[in-house]
Amino acid sequence: MNSFEIRTYGRTELAQLYCPNLCPESAFRKLKHWIDLYPGLRDDLSAMGLSPRSRTYTPAQVVLITGALGEP
C-alpha cells in the first residue's frame, strides 16, 4: 500500500485519489460535496485562500481535507 504524500494537488487529481472509479468531473463534484458536508471545512479552506476559481490545493489545504475526510 502506498503512503499518501502531503503536497500540492490539482483539485481533480486529489478528487480522483478519493474516487478512482469515477470520471474526473464526477470525482471532483463528489469531493466538493464531501467538503461542503463536513462542518466548517469549506470556511477553513476559504480562510486559507481557496476560492471557486482555485485549481489547486496547497499542502496546508490538503492537510485540512485529509484531516476531515481521512487519507484517500
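Me: How many salt bridges does the count come to here?
Reply: A salt bridge here is a Lys or Arg side-chain nitrogen within 4 Å of a carboxyl oxygen of Asp or Glu. Keep in mind that this is a predicted model. One pair that passes is R42 with D36, with the closest N and O atoms 2.8 Å apart. Going by that rule, the count comes to 3 salt bridges.

Me: Which residues are linked with R7 in a network of salt bridges?
Reply: R7 meets the side chain of E5 at 4.0 Å, N to O. R7 also forms a salt bridge with E13, and there the closest N and O atoms are 2.6 Å apart. Put together, the network links R7 with E5 and E13.

Me: Is R42 buried, partly exposed or exposed?
Reply: Buried needs under 20% relative accessible area, and exposed needs over 50%. R42 has 28% relative accessibility, so it counts as partly exposed. Its salt-bridge partner is D36, and D36, at 45%, also counts as partly exposed. For R42 the label is partly exposed.

Me: What radius of gyration does the protein chain have, and why does it agree with a compact globule?
Reply: For 72 residues, a compact globule would come out near 11 Å, so the chain's own value agrees with that. The C-alpha atoms fill a box of roughly 30 × 25 × 20 Å along the principal axes. The radius of gyration of the protein chain is 11 Å.

Me: What pattern does the protein chain follow along the sequence?
Reply: The chain has 4 helices and 2 strands. Reading along the sequence, they follow the pattern β-α-α-α-β-α.

Definitions and conventions. Residues are numbered from 1 along each chain as its sequence is written. This is a predicted model: local features need pLDDT of at least 70, side-chain atom pairs count only at pLDDT 80 or more; totals for chains, interfaces and linings use all residues. Side-chain values use heavy atoms; hydrogens and water are left out. The radius of gyration is taken over C-alpha atoms; the globule rule is 2.2 Å times the number of residues to the power 0.38. Buried means under 20% relative accessible area, exposed over 50%, partly exposed in between (1.4 Å probe, protein chains only).
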